[in-house]
Amino acid sequence: MPHQTDDHTGARVKRARKTRGLTQRELADIAPVSYSTITKIEQGLMAASPAVLGALARALSVPVTELTGQPYLEDLRRDQLDGLIQPIRDALDLYDLGADPLVTPRPVEQLANAADSLCALVRATDLRGAAAALPGLIEEATTAAWAAPSSEAWRVLASTYRTAYDVSSKLGYLDLCTVALDRMEWAAQRGSAPAVSAIRQYMRALVYMRGAEYRTGGRLLDAGLAALEQADRGRERDVVTGQLHLGAAVLTARAQDAAAADAHIAEAQQIADATGAAERVHWLAFGPTNVAIHRVAALSERDDYDRAVLAADGITFPEDWPRSRTAHHHAEVARAQLWTGRIDDAFRSLQAARRAGPQQTKYHPMVRETYAGLDAAKRQLPHEFVSFGAWLGM
């Protein structure tokens, strides 16, 4: 079933390339990405991996989102999610105005519980619920922190900014991610929260990784580890350290540094063996299960898809495992299965991702690229495949 629209990643690559006045061979030399890969991507015959998309975006001097088409505005409008973004922007913009005289905040303990509840909604992939409640909580937490400054109040505010990052990144508003992360650090510094500062550097590194800025991403992760040296020794510090190593594993794998990726996975595994399951420590989902799924992701990023599929076979999820991580993992496995020719298995993994986290899955560029790859395979797939594409808006 060929593409019925020019609104796919390959078409966007072609438009950006022609705008720059480049031939396919010239782009291949600059990226560097093979000429045949660029040809197949532009024709819609091959799914573009995140690493290839990042390389092409850098070579064309455009954001990765311009090639992926994010945010997917028509779908967001149909789902009435786009209108939830502007109030978040407005709330983030009022960070330095002090206490709002028209806002009467709840006690800090109640605000902390509310902030935790929003973190839980994001992990349950209820992006609509989190986005709708977030602006009001940011305004309330901002007033609380300015009216009666305390470490706890500033940390609560930093948590709301972190949720703003989570929501905006999952819906494809990567420009808003940067603003949210700047606010997060601003509040973390006032709350004397080195672990939160380290998490912010980890999230910044992920933003740079998506743009194929691997060296900068690595420096940010190093800065995060340095920030953790100011934190008290204990489980919290260990968990955040382990998560930074997992981020570094995926980043170095995407940069095709297999030895470094393996070293970071080994370090994270050692830490996870000591901490055990620690999914709710800063809502990072750290623990042995997270190490296992990052091992799959790192193998996939290195284009070692056969081993990635094998590594995924032995993973089981605890009943209370965050649905956001489950959905992302199934999407990752689907991509590996596509590249190893397991077409039916890949579609089943996409369906599993949808069941685990429909809102997150619908707006995930990897899911859309994998679906496009299945589409281009021209294999007989069940009727549900067409329905899945209609649900994605493709």
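Visitor: Which helices do the buried residues of helix 1 pack against?
Guide: This is a predicted model, where local features need pLDDT of at least 70 and side-chain atom pairs count only at pLDDT 80 or more, while totals for chains, interfaces and linings use all residues. Residues are numbered from 1 along each chain as its sequence is written, and side-chain values use heavy atoms, with hydrogens and water left out. In helix 1, residues 9-19 (helices are DSSP runs of H or I of at least four residues, numbered from the N terminus), the buried residues (under 20% relative accessible area; exposed is over 50%, partly exposed in between, with a 1.4 Å probe and protein chains only) are T9, G10, A11, R12, V13, A16 and R17. By contact (heavy atoms within 4.5 Å), these buried residues pack against helix 2 (24-30), helix 3 (35-42), helix 4 (50-60), helix 5 (64-68) and helix 21 (365-376).

Visitor: Which residue just after helix 1 takes a positive phi?
Guide: Helix 1 covers residues 9-19. Just after helix 1, a positive phi of about 70 degrees is taken by G21.

Visitor: How far apart are the end C-alpha atoms of helix 8?
Guide: Helix 8 has 16 residues, so at 1.5 Å a residue it should span 22 Å (1.5 Å times one less than the number of residues). The model agrees with this, since the end C-alpha atoms are separated by 23 Å.

Visitor: Which helices do the buried residues of helix 8 pack against?
Guide: Buried in helix 8 are L111, A112, A114, A115, L118, C119, V122 and R123. Just after the helix, T125 has a positive phi of about 60 degrees. The packing partners of the buried residues are helix 9 (127-147), helix 10 and helix 18.

Visitor: What distance separates the C-alpha atoms of R280 and C119?
Guide: R280 sits in the loop between helix 15 (258-275) and helix 16 (288-301), and is exposed, with a relative accessible area of 66%. C119 is one of the buried residues of helix 8. The two residues are 161 residues apart along the chain, yet their C-alpha atoms are separated by 9.6 Å.

Visitor: What arc do the buried residues of helix 17 cover around the axis?
Guide: Y305, A308, V309 and A312 are buried in helix 17 (residues 305-313). They lie on the same side of helix 17, because their arc (taken from the directions from the helix axis to the C-beta atoms) is only 95 degrees.

Visitor: Which residues are exposed on the other side of helix 17?
Guide: The buried residues of helix 17 have a cover that includes helix 16 and helix 18. On the other side, the exposed residues are L310 and D313.

Visitor: Which helix gives the most to the lining of the largest cavity?
Guide: A cavity is a set of points on a 1 Å grid over the protein atoms alone where a 1.4 Å probe fits but cannot get out, and lining residues have an atom within 4 Å of a point. The largest cavity has a volume of about 1,100 Å³ (the space filled by probe spheres set on the points, which are joined across faces, edges and corners). Its lining has 49 residues, with L206, R210, R325, H328 and H364 nearest the centre. Eight lining residues come from the leading contributor, helix 18.

Terms used
Helices (H or I, at least four residues) and strands (E, at least two) are DSSP runs, numbered from the N terminus. On a 1 Å grid over the protein atoms alone, a cavity is a set of points where a 1.4 Å probe fits but cannot get out, and a pocket is an open set with protein on both sides within 12 Å along at least five of seven lines; lining residues have an atom within 4 Å of a point.
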